[in-house]
Every structure is written in C-alpha cells, then in structure tokens.
Amino acid sequence: MNIHIPVSRPVLPNQAAVAPYIEAMHASGLFTNNGPLVRELERRIAALVNVDAEQVVLTNTGTQALASLVAVMKPELWHVPDWTFTATGLAVLAAGKKLTLDDVDERTWRLRSYARDTSEGSILVTPFGGLVGAASLPADSTVIVDVAASLGALEDLSALGDEHAVMYSLHATKVFGCGEGGVAVCGSVAVAQAVRRHINFGFAGARVSTIGSVNGKMSEIHAAYAHASLDAMDQERQEWAHAHSAAHEVSERLSLSTGPTGLSTVHPYWI
C-alpha cells in the first residue's frame, strides 16, 4: 500500500472569510483593471513593509513582477544566480533582456557579488524565506531581490534605493497566498509607475501602447483572497512559527542542516 504524506499542502482562506470581499467586488462592478480591492491591497502591503503605497505594484504572478521590473529598469544584461527556481531566469528572457548565470556562495547560497557596470544589473535570490537586507544593498548597483517566499517576514524596506526593487510571490504555496499573484516593491515611485504601465498594455493616461508591454495586472478576485489572507495574518504567522518550532526540533534531533536561511523567519519551507 502506498501512503502519500505531503511535505506541504496549500491552504487558502475559506469561503466565509473571502465572501465580504467578493460581495464588495460585485457591488463595485469592477473585476480587474486596478480596481478598489487591488489598490487597497497595495496600501496594506506597503504598510507591512514600510514604504509609500505608490511604490507597490501588484501583478498576476510573481514571475510577471520580476519580468516587468527587468523590462523597465535600465540594464540590458542581468546577472542571475545559477542556483534558483527557473522562473528567475525566464523572467529576464520574457522581458527581452540578456542574462548570465553566476555562481552562488556555498555559505550564503546567494550571488557572490553585484554587477557594478551601469549597463548590467543583478537579481539577488534569497532562497527559502530569507531577508532582503535593504540597507545592505549597494547604492551604486541596480538590484532586484527575488524573495518570493519572504513576505511573511514583514521586513522594513524603507531603505531601498532608487535602483533597487523587491519581488514577493502570493502563490498558493506561500505565506499570505491568494492562488496566484506577485508584488513588486520599487525603490522609487518612477520605477513603480513604469511597472504599472508595462503590465497594462503600455497605457499611460490614454489607450495608446507607448512601450512594448503585457497584460499582467492582478484581478479583483485574487485580491479578495489576498485581503482575506492578510486579515488572518496573526493566526497564520503563529501557525507557521509553531510548524517551524517542530521542524527545528526534528532537524536538531536528526542532525539535519536547514541551510543559511534556517527557520528563524516566517516562510513556508523546511528543506
């Protein structure tokens, strides 16, 4: 007999928790195109990471958030770690830019160094729920930090520089998941506005495509689920902390390494 024990099982808010937001969506008659639920969700996430709401842009996936950031930021060549989920590199290619794969440091599992040439940028991947460390990012380098699973850390990003950006995922497997969704936190409002234009057919105040662009907006339905997830934030963080405590105990007992990220922040992994 085969017994399947899931390492992790995605759980989204139940229907009762989402219902008030679905009702508000129907009452507004707006289901997408930067509706009120999306804009309010941007404000809520901005408050969590301590930035202005205009610096936060919601997308239909985390990969799209990465791709749009790469597309609107200046570098044509991006340094990507060779140890990451495939979406990181594919986002660069989807943006029509070039990439080079760089080795990661065996101690930190991150890129060993940042690109210093102004024509090059770096995508720093912090694996398994690690912290961004906004204050430590080099001011003279364009850096996008792929911390897909780290929104649960509730990290202060107010120190982001103008040439810096951060991507979080709202995939069903992540903390505060909504099914599918992405968050781009930009160091400058100008970059955020460019991302909004890129995910909305290149429209900038008129229905004319001003740049090569995509339809990458988050829908009101996904925003409804994300709001319900944030409403239960305290409970979800407590449940993850409890799970990490049990995982830490088992890891120590079996002499297992939890890697450089460890289990000190709220994230959905025990690998």
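This is a short walk through one structure, which is a predicted model, beginning with the sheet and ending with a few single residues.

The sheet, then. There is an open sheet of 7 strands, and the order across it is β1-β7-β6-β5-β4-β2-β3, with mixed pairing. Its edge strands are β1, residues 56-59, and β3, residues 98-102, each of which pairs on one side only. From one strand to the next the twist averages 20 degrees.

Let me take part of that order strand by strand. β4 and β5 pair in the parallel sense, over 5 bridges. For a place to look, Ser122 stands opposite Val143 in β5. Val143 also has a bridge partner in β6, namely His164. That second pairing, β5 with β6, is parallel too and is made by 4 bridges. On to β7, residues 182-186: this strand is joined to β6 by 5 bridges, and the two run antiparallel. Here Tyr168 has Val183 of β7 as its bridge partner.

I will stay on β6 for a moment. How many of the residues in strand β6 are buried? The strand covers residues 164-169, and 6 of its 6 residues are buried. As a reminder, side chains in a regular strand alternate between the two faces of the sheet. In β6, His164, Val166 and Tyr168 point one way. Ala165, Met167 and Ser169 point the other way, and both sets are buried.

Now the helices. Helix α2, residues 36-49, lies across β1, β6 and β7. Its direction is at about 125 degrees to β1.

Two helix pairs are worth showing. The first is α3, residues 62-72, with α5, residues 189-198. They pack at an angle of about 115 degrees, and their axes are 9 Å apart. So α3 is roughly perpendicular to α5. The crossing of these two is right-handed. Which residues meet there? From α3 we have Gln64, Ser68, Leu69, Ala71 and Val72, and from α5 we have Val191, Ala194, Val195 and His198. By class, that contact has 6 nonpolar and 3 polar residues, and no charged ones.

The second pair is α1, residues 15-28, with α6, residues 220-231. Their axes come within 8 Å and cross at roughly 140 degrees. This crossing, of α1 and α6, is right-handed. On the α1 side the residues are Ala17, Val18, Tyr21, Ile22 and Met25. On the α6 side they are Glu220, Ile221, Ala224, Tyr225, His227, Ala228 and Asp231. Those residues divide into 9 nonpolar, 1 polar and 2 charged.

While we are on α1, one more residue of that helix: Ala19. Is Ala19 buried or partly exposed? Its relative accessibility is 26%, so Ala19 counts as partly exposed. For a sense of distance, take Ala19 and Ser257, which are 238 residues apart along the chain. Their C-alpha atoms are separated by 42 Å.

Last, the loops. Thr126 sits in the loop between β4, residues 120-125, and β5, residues 142-146. Why does Thr126 count as buried? Because its relative accessible area is 4%, and buried means under 20%. What is Thr126 in contact with, leaving aside its neighbours within four places in sequence? The contacts of Thr126 are Arg110, Leu131, Val145, Asp146 and Val147.

Two other loop residues come up on backbone grounds. Most residues other than glycine have a negative phi. Trp109 has a positive phi, near 65 degrees, and is found in the loop between β3 and β4. Phe176 also has a positive phi, near 60 degrees, and lies in the loop between β6 and β7. As for cover, Trp109 is partly exposed, with a relative accessible area of 24%. Phe176 is buried, with a relative accessible area of 1%.

To close, here are the items to keep in view. The sheet is open, with 7 strands and mixed pairing. Strand β6 is mostly covered. The α3 and α5 crossing is right-handed, and for α1 and α6 the crossing is right-handed. In the loops, Thr126 is buried, Phe176 is buried and Trp109 is partly exposed.

Technical notes. Residues numbered from 1 in each chain as written. Predicted model: local features only at pLDDT ≥ 70, side-chain atom pairs only at ≥ 80, totals over all residues. Heavy atoms only, no water. Buried < 20%, exposed > 50% of the residue type's maximum accessible area, 1.4 Å probe, protein only. Contact = heavy atoms within 4.5 Å. Pairing = 2+ DSSP bridges. Axes fitted to C-alpha atoms, helices over the stretch in contact; angles between N-to-C directions. Parallel < 35°, antiparallel > 145°, perpendicular 65-115°, else oblique. Left-handed = near helix turned anticlockwise from the far one by under 90°. Nonpolar A, V, L, I, M, F, W, Y, C, P; charged D, E, K, R; others polar.
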